[in-house]
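User: Please take a close look at the surroundings of the ligand, and follow them into whatever part of the fold they lead to. I would like the cut-offs stated as you go.

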Amino acid sequence: VTALVRALRDICGAQAVLEERSDLEAYVTDWRGVYTGTALCVVRPATVHETARVVAACREHGAVVVPQGGNTGLAAGATPLALSNAVIVSLSRMRTVRSVDAPGCTLAVDAGCVLADVQETARAAGRLFPLALAAQGSAQIGGLIATNAGGTAVLRYGSMRSLVLGLEVVLADGTIVDGMRALRKDNAGYDWKQLFIGSEGTLGVITGAVLRLFPTVRSSVTALAGCGTAQAAMDAFALLNESLGETLSACELFHDDAVQLRCAYDPSLVRPMPASPWYLLLEAGSSLRSLSEAVEAGLERAVERGFVDDCVVAGTSAQARALWEWRESISESEKRSGPSAKHDVSVPVSAIPAFLERAASAVVERHPGVRVLPFGHAGDGNIHFNVLLPGDGSVDAASVNATVHAIVAEFRGSITAEHGIGRYRRDELPEHRSDAEMRVLRAIKHALDPDGRMNPGAMLAI
Ligand SMILES: Cc1cc2nc3c(=O)[nH]c(=O)nc-3n(C[C@H](O)[C@H](O)[C@H](O)COP(=O)(O)OP(=O)(O)OC[C@H]3O[C@@H](n4cnc5c(N)ncnc54)[C@H](O)[C@@H]3O)c2cc1C
């Protein structure tokens, strides 16, 4: 037993330190099972003070710290490198709801709280915490903040960045910075918490957050619209965005190939409407009671203008759920169909149709045998431009990534809209950011983590 492990046991208790290889396995492998690293141990502090002492002990003993939440990240940012001195700091025991202020619409939580539990806590208080994504049963608030997660309601509520009012972090030297303020307006100095939002564990450990809550949605309408082209779909979105205003909370785009793929795996499924080349899944919600008339009128106008061929509006919450399944099951169908090259790109919203056309033709031309399967949060300009690869290994995912990302650059887009850089895209980042921007990133890293102890190798090369 090393001196560091002994120190960590003293701080958190022997039960909170895992060292056995079999216990470590789940922590050193990323969600996709692509990256595996090594770690000296996993430590699970129960409080911010224990976390601070853990980080200080790691520093004292020359170890590096890899913060980990639910380990559902899609960029392998929570997976340590193959280092013998990495300590994974798991927040999984820090699950206390510190306070709920329903009239003030704020919620203070430990960073280890799981998203689904936070949504439930808000619901019980008669409020809404709007962040929602398919990994919500495992993803933690700290991980969601560290990746500035997006999800399905960014259109209306913004990404995690716009849902955080206050933050508590442990710096690389073990100092606790308490910024747990529930203020909507606060211009006292640099807004330092923004640096930690999206920092992917490279600047410090997030231990607590004050989150924004919203009024409950009392009426919500889900609809699926079939469109002839991606341009028509985006025209329909623009029209509905105009008529439904702030009530529009989701606008997801997917191709009929995704529907065919799901039906192929489950022949008993019945399509919700006649086939169209593209679909828009729309959701609108309001704290006022009646919304469906407005949605139906907006869709009728989109049909009249030729943007939408056909559409179906869910009449019950079960039907709404079934419509969402068409969108949410795409990743699963993709997984079942074999290897794929994944992308999480964003371009300006109005450039989506042109990007889809350029990227699809370039990918198919340069990489024979592939099938494109684009889908995503079109209302946010974020497309998961995923590409199914032939099973014979003749096409390498990295070369497809390079093709797609080069086209993203032509549109001044981003190679990661919501999943982050992590380890997957680290070596590509300098190609997509100017030298001056990279200097700013490194200066921030150096200022807050001069010894490079926080999650080395994630986001920035060592
Ligand atoms: C099925 C599925 C669907 C998904 N859908 C979406 C989606 O729609 N939108 C989206 O944005 N993401 C999505 N994701 C990705 C993932 O859920 C998010 O990135 C989430 O924010 C990760 O949270 P986590 O707690 O699992 O973090 P982890 O995976 O544990 O960590 C992610 C990163 O954050 C750092 N980190 C974790 N906790 C802390 C902390 N307390 N302090 C400092 N750094 C920390 C880690 O070091 C790592 O770099 C999806 C993932 C899955 C599996």
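Analyst: A polar contact is taken here as a pair of N or O atoms within 3.5 Å. The model is predicted, so that local features require pLDDT of at least 70 and side-chain atom pairs pLDDT 80 or more, whereas totals for chains, interfaces and linings use all residues. Residues are numbered from 1 along each chain as its sequence is written, and side-chain values rest on heavy atoms, with hydrogens and water left out.

The ligand is surrounded by 34 residues, of which Pro67, Gly69, Thr72, Gly73 and Thr147 are the closest; a residue counts here if one of its heavy atoms lies within 4 Å. Sorted by class, this shell holds 14 nonpolar, 18 polar and 2 charged residues, with Gly placed among the polar ones. An oxygen atom of the ligand has a backbone N or O atom of Gln140 at 2.8 Å, while a polar backbone atom of Gly151 lies 3.2 Å from a nitrogen atom of the ligand. A side chain takes part as well, since a polar side-chain atom of Glu418 is 3.0 Å from a ligand nitrogen atom. On its own the ligand has 970 Å² of accessible area, and the protein covers 93% of it (Shrake-Rupley method, 1.4 Å probe). Two or more residues of the shell come from each of β3 (64-68), α5 (141-146) and β10, and α5 gives the most, with 4 residues (helices are DSSP runs of H or I with at least four residues, strands runs of E with at least two).

Strand β10 leads from the ligand into an open sheet of 5 strands, ordered β5-β6-β10-β8-β9 and paired antiparallel (at least two DSSP bridges make a pair). Because β5 (97-101) and β9 (176-179) each have a single partner strand, they stand at the edges, and one side of each lacks a neighbour in the sheet. Between β8 (residues 164-171) and the antiparallel β9 there are 4 bridges, and Glu168 has Asp178 in β9 as its bridge partner. Helix α3 (residues 48-60) packs on this sheet, touching β8, β9 and β10 (204-212), with its direction at about 40° to that of β8 (contact means heavy atoms within 4.5 Å; angles run from 0 to 180 degrees between N-to-C directions of axes fitted to C-alpha atoms, for helices over the stretch in contact). Helix α4 (residues 115-124) also packs on the sheet, where it touches β5, β6 (106-110) and β10, and its direction makes about 145° with that of β6.

How values were computed. Polar contact = N/O pair within 3.5 Å; in protein donor to acceptor, adjacent residues only side chain to side chain.
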